[in-house]
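Work through the exercises below with the structure open. Try each task before you read its solution.

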Amino acid sequence: AAETLEEVSTEDMLYIRGLVSKVYLDKMQISVRPPKGMSIRITIDPDTILEGVSLIDEFKKEQQVKVWYSLDENSNRAIKIVKMMDLGC
């Protein structure tokens, strides 16, 4: 197992890059909307690696994120979420 996660999907792990479209604090989930396609709801658990934020309530709508996740029984469980740098004027 490599220490660094590449920006690709594999058999064990899926990758998505997009914008946060909604934060569900009560369910510990965020919805991520890729440039093309439908939003995907991602579940965050205590094992999720977060970079750029330390808590789920720090995610804001329209933030760009990279997410690596696995398909569990009924959810998409986040393995790692990286908040991209905010680009200001």
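**Exercise 1: A charged network**

Asp72 has a relative accessible area of 37%, so it counts as partly exposed. The model is a predicted one.

Task: Find which residue meets the side chain of Asp72 in a salt bridge, and state which residues the shared network joins.

Solution.
- Step 1. Start from the side chain of Asp72. It meets that of Arg77 in a salt bridge, at 3.3 Å from N to O.
- Step 2. Check the accessibility of Arg77. Its relative accessible area is 25%, so Arg77 is partly exposed.
- Step 3. Follow the shared partners. Salt bridges link Asp45, Asp72 and Arg77 into one network.

**Exercise 2: Two further salt bridges**

Task: State how many salt bridges the model holds. Then work out which parts of the chain are tied together by Arg33 and Glu62, and which by Glu51 and Lys80.

Solution.
- Step 1. Take the count. There are four salt bridges.
- Step 2. Take Arg33 and Glu62. Their closest N and O atoms are 3.6 Å apart, and the two form a salt bridge.
- Step 3. Place both residues. Arg33 is in strand S2 and Glu62 is in the loop between strand S4 (49-51) and S5, so the pair ties together parts 29 residues apart in sequence.
- Step 4. Add accessibility. Arg33 is at 31% and therefore counts as partly exposed. Glu62 is at 41% and also counts as partly exposed.
- Step 5. Take Glu51 and Lys80. This salt bridge has its closest N and O atoms 3.1 Å apart.
- Step 6. Place these two. Glu51 belongs to strand S4 and Lys80 to strand S6, so this pair, too, ties together parts that are 29 residues apart in sequence.
- Step 7. Classify each end. The cut-off for buried is under 20% relative accessible area. Lys80, at 14%, therefore counts as buried. Glu51, at 36%, counts as partly exposed.

**Exercise 3: Strand pairing**

Task: Trace the partners of S5, then describe how S2 pairs with S3.

Solution.
- Step 1. Look at S5 itself. This strand spans residues 64-71, and six of its eight residues are buried.
- Step 2. Pair S5 with S1. The two run antiparallel and are joined by six bridges. Leu19 has Gln64 in S5 as its bridge partner.
- Step 3. Pair S5 with S6. Strand S6 covers residues 76-83, and seven bridges join the antiparallel pair. Leu71 is partnered by Asn76 in S6.
- Step 4. Find the connection. Four residues carry the hairpin from S5 to S6.
- Step 5. Turn to S2 and S3. Four bridges pair them in the antiparallel sense. Ile30 stands opposite Ile42 in S3.
- Step 6. Inspect the turn. The S2–S3 hairpin has six residues between its strands, and Gly37 in the turn has a positive phi of about 110 degrees.

**Exercise 4: Nonpolar cores**

Task: Identify which residues touch the most other members of the largest nonpolar core, and which strand gives the most to it.

Solution.
- Step 1. Define the set. The largest nonpolar core has 14 residues, and Ile30, Phe59, Val67 and Ile81 touch the most other members.
- Step 2. Assign strands. S1, strand S2 (29-33), S5 and S6 each supply at least two residues of this core.
- Step 3. Rank them. S5 gives the most, with three residues.
- Step 4. Look for another core. A second, separate one has five residues, including Tyr15, Trp68, Val82 and Met84.
- Step 5. Examine Ile81. Beyond its neighbours within four places in sequence, its contacts include Ile30, Ile44, Phe59, Val65 and Val67. Glu51 and Lys66 are also among them.

**Exercise 5: Two threonines**

Task: Is Thr43 buried or exposed? Where is Thr10 placed?

Solution.
- Step 1. Locate Thr43. It is found in strand S3 (residues 40-43).
- Step 2. Apply the cut-off. Thr43 is at 16% relative accessibility, so it counts as buried.
- Step 3. Find its polar partner. The side chain of Thr43 makes a polar contact with that of Gln29, at 3.0 Å.
- Step 4. Extend the list. Leaving aside neighbours within four places in sequence, Thr43 is also in contact with residues including Met28, Thr48, Ser75 and Arg77.
- Step 5. Move to Thr10. It is in the segment before strand S1 (14-24), and at 42% relative accessibility Thr10 counts as partly exposed.
- Step 6. Compare sequence with space. Thr10 and Ser70 are 60 residues apart in sequence, and their C-alpha atoms are 9.7 Å apart.

Methods
Residues numbered from 1 in each chain as written. Predicted model: local features only at pLDDT ≥ 70, side-chain atom pairs only at ≥ 80, totals over all residues. Heavy atoms only, no water. Buried < 20%, exposed > 50% of the residue type's maximum accessible area, 1.4 Å probe, protein only. Polar contact = N/O pair within 3.5 Å; in protein donor to acceptor, adjacent residues only side chain to side chain. Contact = heavy atoms within 4.5 Å. Pairing = 2+ DSSP bridges. Core = buried A, V, L, I, M, F, W, Y, C linked by side-chain atoms within 4.5 Å.
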